[in-house]
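These are my working notes on a single protein chain. I went through its helices, its interior and a few individual residues in turn.

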Amino acid sequence: QVSANAAEFVLAAIAAVLAITLHEAAHGFAALAMGDDTARRAGRLSLNPLRHVDPIGTVLLPGFLVLTQLRLLGHVGFMFGWAKPVPVAAWKFRDPRRGMMVVAAAGPAMNFLLAWIGALFLPNAPGGLNPLAESFLLSFLITNLVLGLFNLIPLPPLDGGRIVVGLLPLSLARAWARLERAGLVIVLLLIFALPPLLGEFGIAFDPIREGLNAVLPWALRVVLFLSGHPLETGSDERFL
């Protein structure tokens, strides 16, 4: 049992590192496609995860979340982490604000693409693959979906916040962009601090986790449908 849990932890950790680092690499490739070679000159247009790893955001925090969820839930249902930001020179874009919006959208888009690729290799019924291979694909699928959805939260510096900045009228965009300095602190408070603190007073407050739990099953069914899996009632339960 211990060795099985260790293997699942390693596989889930590999899936998390791949999801996070390829997400970050996608930003650099999108910027290059629009004329900014800053990431390429910095050596960040690489599929080598070691080029993008942040010790805390890519290794320690995701590893802690994977380990605790495997022990408590038996699967990974929530993932949070980050890689070293890919450098982008927005002034090189023809329209810097719209260009940054496209660069931001490339990260979640990569995660959704990876989730679809993972689903393509999953059999329609359990037991069709080696158990370790199926465990990895399941972790890879769910981790990419969760990471992609999480990054679409419309709060800077998350990708969703930068997408909103690109969509809003200029005056509102400037005001929303000012949230970037405090945005990560707000997100961390909403995830790790406020839910347990308010829970001590009997107040149920966990908007980010509840939002992901509501959207994830829908997103999973879309990916399964697009990868050719039958969508029978309850067919997605083995993936969650």
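**Entry 1: Phe-29 and its surroundings**

I began with Phe-29 and listed its contacts beyond four places in sequence, which are Leu-45 and Leu-47. The model I am reading is a predicted one. I located Phe-29 in helix α1. Is Phe-29 buried, partly exposed or exposed? Its relative accessibility is 39%, so I recorded Phe-29 as partly exposed. I then computed a C-alpha separation of 8.5 Å between Phe-29 and Ala-106, two residues that stand 77 residues apart along the chain.

**Entry 2: The chain as a whole**

I next took stock of the secondary structure and counted nine helices and zero strands. Along the sequence, the pattern reads α-α-α-α-α-α-α-α-α. The chain has 240 residues, and 41% of them count as buried. I also looked at contacts with a sequence separation of 6 or more: 68% of these join residues 24 or more positions apart.

**Entry 3: His-27**

I returned to helix α1 (residues 2-33), where His-27 lies. I noted a relative accessible area of 7% for His-27, so this residue is buried. Which side chain makes a polar contact with the side chain of His-27? I found that of Asp-159, at 3.4 Å. Setting aside residues up to four places away in sequence, I listed Val-103, Ala-104, Ala-106, Gly-107 and Asp-159 as the residues that His-27 touches.

**Entry 4: Asn-111**

I placed Asn-111 in helix α4. Its relative accessible area is 0%, and Asn-111 is therefore buried. Beyond its neighbours within four places in sequence, I found Asn-111 in contact with Ala-19, His-23, Asn-144, Leu-147 and Gly-148.

**Entry 5: Helix α5**

I checked the length of α5 and found 21 residues reaching 30 Å from first C-alpha to last, close to the 30 Å expected at 1.5 Å a residue. I counted 17 of the 21 residues of α5 as buried, and the helix is mostly covered. At the N-terminal end of α5 I found a cap: a side-chain oxygen of Asn-130 lies 2.8 Å from the backbone nitrogen of Leu-132.

I then searched for aromatic pairs, and the count came to one. The pair is formed by Phe-136 and Phe-140, with 5.7 Å centre to centre and 25° between the planes, and it is stacked. I assigned the pair as stacked because planes under 30 degrees apart count as such. Both rings belong to helix α5 (residues 131-151), where Phe-136 and Phe-140 are four residues apart, about one turn of the helix. I recorded Phe-140 as buried because its relative accessible area is 8%.

**Entry 6: After α5**

I looked at the loop between α5 and α6 (159-167), in which Pro-157 is found. The peptide bond from Pro-156 to Pro-157 is cis, with omega near 10°. I noted this bond for follow-up, since most peptide bonds are trans.

**Entry 7: Nonpolar cores**

I turned to the interior with a general expectation in mind: in soluble globular proteins, nonpolar side chains tend to be buried together. The largest nonpolar core has 22 residues, and those with the most contacts inside it are Leu-141, Leu-145, Phe-150, Val-187, Ile-208, Leu-212 and Leu-220. At least two residues of this core come from each of α4 (96-120), α5, α8 (180-199) and α9 (207-226). Which helix gives the most to this core? I found that α5 does, with eight residues. Apart from this core I located another, of six residues, including Ala-30, Ala-31, Phe-93 and Val-103.

**Entry 8: Helix α9**

I compared the span of α9 with expectation: its 20 residues should cover 28 Å at 1.5 Å a residue, and the end C-alpha atoms are 29 Å apart, which agrees. I found a bend of about 30° in α9 at Val-215, with a proline, Pro-217, following within four residues. I listed the buried residues of α9 as Ile-208, Leu-212, Leu-216, Pro-217, Ala-219, Leu-220, Val-223 and Leu-224. Their cover includes α4, α5 and α8. Just after α9, I noted a positive phi of about 85° at Gly-228.

Conventions. Residues numbered from 1 in each chain as written. Predicted model: local features only at pLDDT ≥ 70, side-chain atom pairs only at ≥ 80, totals over all residues. Heavy atoms only, no water. Phe/Tyr/Trp six-rings, centres within 6.5 Å; stacked < 30°, edge-to-face > 60°. Buried < 20%, exposed > 50% of the residue type's maximum accessible area, 1.4 Å probe, protein only. Polar contact = N/O pair within 3.5 Å; in protein donor to acceptor, adjacent residues only side chain to side chain. Contact = heavy atoms within 4.5 Å. Core = buried A, V, L, I, M, F, W, Y, C linked by side-chain atoms within 4.5 Å. Expected span 1.5 Å × (residues − 1). Bend = angle between axes of the 7 residues up to and from the residue.
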